[in-house]
Amino acid sequence: MLARHIHYFLAVAEHQGFTKAATALHVSQPALSQQVRQLEESLGAQLFDRSGRKTRLTDAGEVYLRYALRAAQELQEGQRAIHDVGDLSRGTLRFAVTPTFTTYLVGPLVETFHRRYPNITLNVREVAQEQMENQLLADELDVGIAFDQAHAPDIDSYPLLVETLALVVGSQHPLAGEAAIGLQALNSESLILLSKAFATREQIDRYCNQHGIRPRVVMEANVIGALIEVVRRTTLSTLLPAAIARAHPELVAIELGPQRLQRTAVLMQRKGVYQSAAARAFIEVAKEVAVALGEGS
């Protein structure tokens with residue numbers, strides 16, 4: 001009964017009204033109002049101010065909301081724990097990656113996991129790191145793959161791979177036959193880079209500033225696939241993980257030296273989260289795939 005009361009309370013708080021909440025819950029408004037009043041009576045506090053056009057939380061309601069959200073999250077975890085099957089004969093897993101990983105890591109990772117555990121349903125998302133952490137904290141994700149940087153206090157991270165960025169060119173580029181170049185050679189390149197909305201671009205800009213490099217950025221893209229196509233078809237170059245070039249035969253990765261441009265990728269989960277059999281298996285597969293790609297930490 002308490003679970004239903006919390007569910008109804010959260011719906012009214014979200015929709016700021018009983019009518020919209022009742023519609024969303026597919027219950028009658030009088031039934032919803034009665035359930036919320038029962039909750040208020042059991043708590044000995046008024047949770048909603050019903051006097052205005054919108055139904056708003058009272059001070060007591062604001063305080064209770066934090067605990068209700070946490071309780072709802074724990075109840076969802078409990079439900080998943082009950083349905084978790086240790087032999088992986090069924091189950092689901094929700095995981096997310098930051099954008100560059102979709103171009104070389106997601107394919108082999110999903111291929112290996114699905115071949116080994118064909119009855120586990122995967123929900124794959126590509127999201128920015130901050131959004132990923134928020135979704136992990138809200139129990140909307142089971143596992144995230146992003147970069148080792150300052151994380152929210154309630155996020156645990158584990159090293160997965162060390163990613164090396166390189167000058168990536170098409171096979172027709174004048175430097176396509178080079179294995180490595182010095183950093184100053186970047187000053188002569190015409191680059192197409194990811195837009196400043198990407199963490200990768202932020203790292204590239206910081207790296208160039210640290211080493212006194214002023215590359216000529218003639219184009220930007222906010223879609224990695226488009227950036228790859230431009231490099232493949234023109235003499236423009238870019239800076240991307242070397243693993244992306246290895247996954248595309250028409251691209252060449254040229255090592256930057258003597259100071260490499262590297263970053264550590266991590267697996268992320270919410271602290272204290274219930275770790276299902278599917279999540280444990282996924283993490284093990286991710287580590288295996290990282291090693292097979294030659295990037296494993």
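## A tour of charged side chains

Begin by selecting Glu229, which at 32% relative accessibility counts as partly exposed, and keep in mind throughout that the structure on screen is a predicted model.

With Glu229 still selected, add Arg232, its partner in a salt bridge whose closest N and O atoms are 2.8 Å apart. Both residues belong to helix H8 (residues 224-233), where three residues, about one turn of the helix, separate them; Arg232 is itself partly exposed, with a relative accessible area of 23%. Next add Arg233, whose side chain also meets that of Glu229 in a salt bridge (3.0 Å, N to O). This pair again lies in helix H8, four residues apart, about one turn of the helix, but Arg233 is exposed, its relative accessible area being 60%. From here, select Lys196, Arg201, Asp205 and Glu220, which are joined into one network by salt bridges that share partners.

Now move to Arg50 and Glu40, whose side chains form a salt bridge at 3.0 Å, N to O. Arg50 sits in the loop between E1 and E2 and Glu40 in helix H3 (residues 29-43), so the contact ties together parts that are ten residues apart in sequence. Arg50 is partly exposed, at 26% relative accessible area, whereas Glu40, at 8%, counts as buried. The whole structure contains 15 salt bridges.

Finally, stay with the loop between strand E1 (48-49) and strand E2 (56-57) and select Arg53, which lies there and is exposed, with a relative accessible area of 89%. Adding Lys20, Lys54 and Arg56 to Arg53 completes the selection of a positive surface patch.

Key
Residues are numbered from 1 along each chain as its sequence is written. This is a predicted model: local features need pLDDT of at least 70, side-chain atom pairs count only at pLDDT 80 or more; totals for chains, interfaces and linings use all residues. Side-chain values use heavy atoms; hydrogens and water are left out. Patches are made of residues with over 30% relative accessible area and no salt bridge: like charges are joined within 9 Å, nonpolar side chains (Val, Leu, Ile, Met, Phe, Trp, Tyr) within 5 Å. Accessible areas come from the Shrake-Rupley method with a 1.4 Å probe; for residues, only the protein chains shown count as cover. A salt bridge is a side-chain nitrogen of Lys or Arg within 4 Å of a carboxyl oxygen of Asp or Glu. Lys and Arg count as positive and Asp and Glu as negative; His and the chain ends are not counted. The place of a charge is taken as NZ of Lys, CZ of Arg, CG of Asp or CD of Glu. Helices (H or I, at least four residues) and strands (E, at least two) are DSSP runs, numbered from the N terminus. Buried means under 20% relative accessible area, exposed over 50%, partly exposed in between (1.4 Å probe, protein chains only).
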